[in-house]
Amino acid sequence: MSTTSQTAATLPVPDHADRLRAAFLAAGFTADGLLERLGASAYAALARSETVPALRATRGEGALDTLVRLFLLQQPVPAEQARAALPLDEALADGWVIRDTGADGEAVRATVDVRPYGGPQGQDWYVVADLGCAVGGAGGASGRGEGVVLGVGGASTTLAGLTVRTPVASALDLGTGCGIQALYATQHATRVTATDLNPRALQFARLTLALSGAPEADLRTGSLFEPVGSETYDLIVSNPPFVISPGARLTYRDGGMGGDDLCRTLVQQAGERLNEGGYAQFLANWQHVEGEDWKERVRSWVPQDCDAWIVQREVQDATQYAELWLRDAGDHRTAPEEYAARYEAWLDEFEERGTKAVGFGWITLRKRTAGAEGASVVVEEWPHPVEQPLGETVNAHFARQDYLRARDDAALLADSFVLAPEVVQEQVGLPGAEDPEHVILRQNRGMRRATKVDTVGAGFAGVCDGSLSAGRILDAIAQLMGEDPVLLRDRTPQAIRLLVEEGFLEPAEKPTPSPATA
């Protein structure tokens, strides 16, 4: 498998990872330590793959400056400085660094990219990737070999924030890459399995876990669910190679199946690998095909025994999409005729399949308990800002779906509700007008939804404090407005359902989703 000349033929081993970790912590080579040492501007520049500000900020000879230049900026450092910052003999023996003797004397150079990463409870973690592919790298593979292993990018952090973090017995990270999703899973899963088609990726995942002081995972090589056979899990996560491309040039991003077949196959096969109440959460791309509703296309992927919440976050037309991933591979730096030929290949592929655009988003499945009636499959477009992490929001979404399915209109009106704590009301109208043109309810957390409500809806939501049933509140509103209470009861439940479904109202007795079983 081809890699760059920068990448050592033999990857490091984690034999002395505990000692290396201790040296990192002692030097302050942590996410917080980097921010303090570099300053916000240079720290942010690193996320854009700009290293000059960080180089200027680390010209000293202290341990932290040495480690930043060595592992983050991939600069050779004098051997004696390295020895003062880390257990050099063990780092050389295990392959984390190699000797780089030149005109300026003996120096050492890193063989892998190591970047501090702050865990969800403030843990000091470290992500190991190929040289030049650190956390936040903006350049993707940038022309590197097909087996390149990237660090943590925006997609990885999005999935990590989406994942439901309830304690489970078993978790599967499918297509683990550098191991960041597996690392998160070790914090709340008793047993973690991580797979990847690229054997090098599994080695990197092992290094990430060891250097982060996390429990080991069961690492297996293979494609999709092949490495796990018929085993089932309480949680499945995957940031798969979802890019819809002609061919499979880069293992980390190109699935090697036609169109969006890889994402479809992943979703369709996930249901039978989930335990009851278990979640499968993926990032995915899907085609927008001429004459076809994209929502129905993706809805058709959902297994019959699963509920689903599918959110499209972004859409790019065929040319935008091709250009994005051509830049990711570094093709824009090749000869003009070579770039044009590859661009043509992408457009030919899209034209052949009738693909006019490509959607990107999140897919969450939840395995229904045996005997549960009816499916809840919500497919929506939401390109607006959200507030991560969203794991609790995802969990609450399915709990609300369970609640609503179990209640007809009469039962709904007999229940009482409370306004979600993060909801505010906005009134829109002309200045000085006696009454607003309309009223907006807006969430300040989670999905940050907004919905327009009428006078009844605004009044209903405003008095929901859990003390009165929905029916009694409507009766009081009808009396104030001079309306027939029976007619108001008949026409309002659908509006209440929508407010509950979207999280503006919560049942006074909060519903809980079905738990995953070991």
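Reader: Where is the place of Arg69?

Author: Arg69 sits in helix α5, helices being DSSP runs of H or I with at least four residues, numbered from the N terminus. This is a predicted model, in which local features need pLDDT of at least 70 and side-chain atom pairs count only at pLDDT 80 or more, while totals for chains, interfaces and linings use all residues. Residues are numbered from 1 along each chain as its sequence is written, and side-chain values use heavy atoms, with hydrogens and water left out.

Reader: Which side chain of opposite charge is nearest to Arg69?

Author: That is Asp65, 4.8 Å away, and Arg69 has no salt bridge although Arg69 is buried. Buried means under 20% relative accessible area, exposed over 50% and partly exposed in between, with a 1.4 Å probe and protein chains only. A salt bridge needs a side-chain nitrogen of Lys or Arg within 4 Å of a carboxyl oxygen of Asp or Glu; Lys and Arg count as positive, Asp and Glu as negative, and His and the chain ends are not counted.

Reader: And which backbone oxygen lies 2.4 Å from a polar atom of its side chain?

Author: The backbone oxygen of Thr58 lies at that distance from the Arg69 side chain.

Reader: Switching to α3, which of its residues are buried?

Author: In α3, residues 40-47, they are Ala42, Ala45 and Leu46. Seen down the helix axis, they fall within an arc of 105 degrees, so they line one face of α3, the arc being taken from the directions from the helix axis to the C-beta atoms. Ala40 and Ser41, on the other side, are exposed.

Conventions
Helices (H or I, at least four residues) and strands (E, at least two) are DSSP runs, numbered from the N terminus. A polar contact is a pair of N or O atoms within 3.5 Å; within protein, one must be able to donate a hydrogen and the other to accept it, and residues adjacent in sequence count only if both atoms are side-chain atoms.
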